[in-house]
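Open the model in your viewer and keep the selection tool at hand. This tour goes through two pockets and what lines them.

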Amino acid sequence: MNLFDQISNDIKSAMLAKDKLRLETLRGIKKEFLEAKTAKGSDGELTDDAALKILVKMVKQRKDSAQIYIDQNRPELAENELGEAKVIEEYLPKQMTEAELEAELKSIIAEVGATSAKEMGKVMGVASKRLAGRAEGKAISAKVKELLA
């Protein structure tokens, strides 16, 4: 079952369970998926890779919004955003640990042949594609800087 169908089924489950936060979040995900399917230049299909990119983007948006709410002393709004992020994260692959990320990045650095911080772009290009959905961009970037320094 692809992600689109799984989300549709989970919407029904959330309705039956009367889980408002989950239902709203899943409907938001489905809306994004439908927009991607019907976007200009789209072939009407949504691959799981494209769906994962959308989910990663949605989680990042929720976390950024939550941080803004926390900075503005609005914990009730931040709590809602973090709750939505948690629901969305259930559909993402398991996140890498610090050690797994470091090991993977070391192999990418060796594969690309990077030796200095000037070659960070080469490493980030490969790492971003290979680790999409399994690690946040900020974490990848910070670890690459550390390893190339």
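Begin with the second largest pocket of this predicted model. Sorted by class, its lining holds three charged residues, two polar and two nonpolar.

To see that lining, select D49, L52, K53, S128, K129, A132 and G133. Two helices, α3 and α6 (120-130), each give two or more residues to the lining of the second largest pocket. Colour α3 by itself: this helix has the largest share of that lining, at three residues. The space enclosed here has a volume of about 150 Å³.

Next, go to the largest pocket, where the space comes to about 320 Å³. Which residues are closest to its centre? Select V56, V59, K60, E136 and G137, which hold that position among the 15 lining residues.

Now show α3 (48-71) together with α7 (137-148); each supplies at least two residues of the lining of the largest pocket. Which element gives the most to this lining? Keep α3 selected, since the answer is that helix, with seven residues.

Finally, colour the lining of the largest pocket by residue class. Seven of the residues are charged, four are polar and four are nonpolar.

For a last view, leave α3 on display and switch between the two pockets. α3 gives three residues to the lining of the second largest pocket and seven to the lining of the largest pocket.

Terms used. Residues are numbered from 1 along each chain as its sequence is written. This is a predicted model: local features need pLDDT of at least 70, side-chain atom pairs count only at pLDDT 80 or more; totals for chains, interfaces and linings use all residues. Side-chain values use heavy atoms; hydrogens and water are left out. On a 1 Å grid over the protein atoms alone, a cavity is a set of points where a 1.4 Å probe fits but cannot get out, and a pocket is an open set with protein on both sides within 12 Å along at least five of seven lines; lining residues have an atom within 4 Å of a point. Grid points are joined across faces, edges and corners, and a volume is the space filled by probe spheres set on the points. Helices (H or I, at least four residues) and strands (E, at least two) are DSSP runs, numbered from the N terminus. Ala, Val, Leu, Ile, Met, Phe, Trp, Tyr, Cys and Pro count as nonpolar, Asp, Glu, Lys and Arg as charged, and the others, Gly among them, as polar.
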